[in-house]
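Q: Please take a close look at one part of this model. Start with the enclosed space, then go on to the parts of the fold that can be described residue by residue.
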Amino acid sequence: MMDSVRPRTEELIAEKLDLERLLAAGGGNTFRVADLGCSIGPNTFHNVEHIVQQVRQKYNHMMMTSAAPEFQVFFNDQVNNDFNALFRSLPPERDYFAAGVPGSFHTRVFPNSSLHLAYSASSAHWLSRVPPEVVDRGSPAWNRGMIHYGSAPKPVEDAYRAQFRKDMGGFLRARSEELVSGGMLVLVFPGLPDGMLHSETQAGSVIYCVNLSILDLVRQGVLDEDQLDNFNFPMYFPHPREMRELVEENQCFSSIELELEVVSPESTWLQQGGVGLRGWAVAMRAGMEELFARHFGGEEILDRIFDGASQKIAERAEVIMNTKCKELPLLYVALQRK
């Protein structure tokens with residue numbers, strides 16, 4: 001769990017979690033937690049260990065007379081996630097039972113009223129698919145020559161926004177059915193302050209530099225133009241007001257005292273100087289190498305894309321360092337099932 005929001009989750013569990021009600025609603029003495037978009041660790045293990053520890057601490061503080069609950073943790077991610085790697089890395093001394101649940105969290109992946117707390121970190125901004133309009137040559141939202149909506153025309157951004165609304169709407173509907181009454185949903189993922197454009201962030205500038213590098217390879221004949229036109233990042237970074245609207249439309253959740261807000265990270269990836277700037281391209285490749293490789297090809301092509309991106313970043317260093325937002329802030333969404 002990100003250190004900057006850890007205290008908020010501790011407060012949430014301490015003040016708003018009704019253990020007696022939740023365990024009764026769950027039909028037993030097992031407290032069930034889901035980590036949605038778990039990847040392969042180790043962050044997911046730190047997250048769930050912290051949640052289990054806080055719930056257990058609350059139970060002990062309440063001095064309840066019933067037996068202490070057991071904990072079951074479900075690790076969820078897409079079917080192509082490397083669950084074998086995940087389970088090989090499970091902490092041997094964990095105090096919970098672990099299970100893997102493959103499937104898209106944009107739809108139902110758990111039985112009705114089976115979860116007490118669902119948590120997701122750095123995953124909810126991923127879309128279920130690239131908006132179909134942005135790769136449709138006949139659409140006003142065709143994102144020709146671009147790989148994301150940040151520096152694209154408004155119809156492209158509108159298509160991304162519509163896809164996010166559809167996906168997050170499905171996400172909230174699914175969780176409203178899977179959580180018991182009084183159960184909690186906590187989301188932490190990158191967002192944008194109200195009124196800010198993605199192009200005004202350093203992340204947006206770096207994606208644009210990657211875009212320029214791919215364009216150079218198209219001009220050189222290394223890549224086909226169609227390869228570029230058919231590639232778009234399936235990510236959208238919402239504003240707080242957009243999330244509020246979606247929660248209100250869902251009507252199954254109550255916002256608790258931890259209001260939806262932008263939480264600024266304690267530090268940024270980008271530091272003054274060339275090394276920090278180059279780190280952006282390295283970090284992007286590490287996080288999205290599979291996505292790039294699946295579309296553009298193997299190691300040699302990736303080297304050329306990200307070496308070129310590093311050069312573009314260095315050339316635009318002054319502009320990038322002066323963007324409004326040094327690093328994408330975090331949206332912290334804490335909801336309770338009615």
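What is the volume of the largest cavity?

A: The model is predicted; local features need pLDDT of at least 70 and side-chain atom pairs 80 or more, while totals for chains, interfaces and linings use all residues. Numbering starts from 1 along each chain as its sequence is written, and side-chain values use heavy atoms, without hydrogens or water.

The largest cavity has a volume of about 70 Å³. Two cavities reach 30 Å³ or more in this structure. A cavity is a set of points on a 1 Å grid where a 1.4 Å probe fits but cannot get out, and lining residues have an atom within 4 Å of a point. Volume is the space filled by probe spheres on these points, joined across faces, edges and corners.

The lining of the largest cavity can be traced along the sequence. Met146, Ile147, His148, Gly150 and Ser151 are among the residues that line it. His198, Ser199, Gly204, Ile207, Tyr208 and Asn211 line it too. By class, this lining holds four nonpolar and seven polar residues, and no charged ones. Here Ala, Val, Leu, Ile, Met, Phe, Trp, Tyr, Cys and Pro are nonpolar, Asp, Glu, Lys and Arg charged, the others, Gly included, polar.

Cysteine 209 is buried, because its relative accessible area is 1% (buried is under 20%, exposed over 50%, partly exposed in between; 1.4 Å probe, protein chains only).

Now helix α3. It covers residues 43-62 (helices are DSSP H or I runs of at least four residues, strands E runs of at least two, numbered from the N terminus). Its 20 residues should span 28 Å at 1.5 Å a residue (times one less than the residue count). The end C-alpha atoms of α3 are 29 Å apart, which agrees. Thr44, Phe45, Asn47, Val48, His50 and Ile51 are among its buried residues. So are Val52, Gln54, Val55, Lys58 and Tyr59. The buried residues of α3 pack against helices α1 (6-16), α2 (19-25) and α4 (83-88). They also pack against strands β1 (30-36), β2 (70-77) and β4 (115-121).

The loop between β1 and α3 has two backbone features. Proline 42 lies in this loop. The peptide bond from glycine 41 to proline 42 is cis, with omega near 5 degrees. Serine 39 sits in the loop between β1 and α3 as well. Its phi is near 60 degrees, a positive value in a residue other than glycine. Serine 39 counts as partly exposed because its relative accessibility is 36%. Cysteine 38 counts as buried, at 5% relative accessibility.

Asparagine 81 lies in the loop between β2 and α4. It touches Cys38, Ser39 and Ile40 (contact: heavy atoms within 4.5 Å), not counting residues up to four places away in sequence. Asparagine 81 counts as buried at 15% relative accessibility.

Serine 122 also has a positive phi, about 55 degrees, although it is not a glycine. It lies in the loop between β4 and α5 (154-178). At 35% relative accessibility, serine 122 counts as partly exposed.

Aspartate 18 lies in the loop between α1 and α2. It is partly exposed at 36% relative accessibility. Aspartate 18 and glutamine 57 are 39 residues apart in sequence and 13 Å apart in space, C-alpha to C-alpha.

Last, helix α10 (residues 299-315). Its 17 residues should span 24 Å, and its end C-alpha atoms are 24 Å apart, which agrees. Ile301, Leu302, Ile305, Phe306 and Gly308 are among the buried residues of α10.

Technical notes
1 Å grid on protein atoms, 1.4 Å probe; cavity = no way out; pocket = protein on both sides within 12 Å on 5 of 7 lines; lining within 4 Å.
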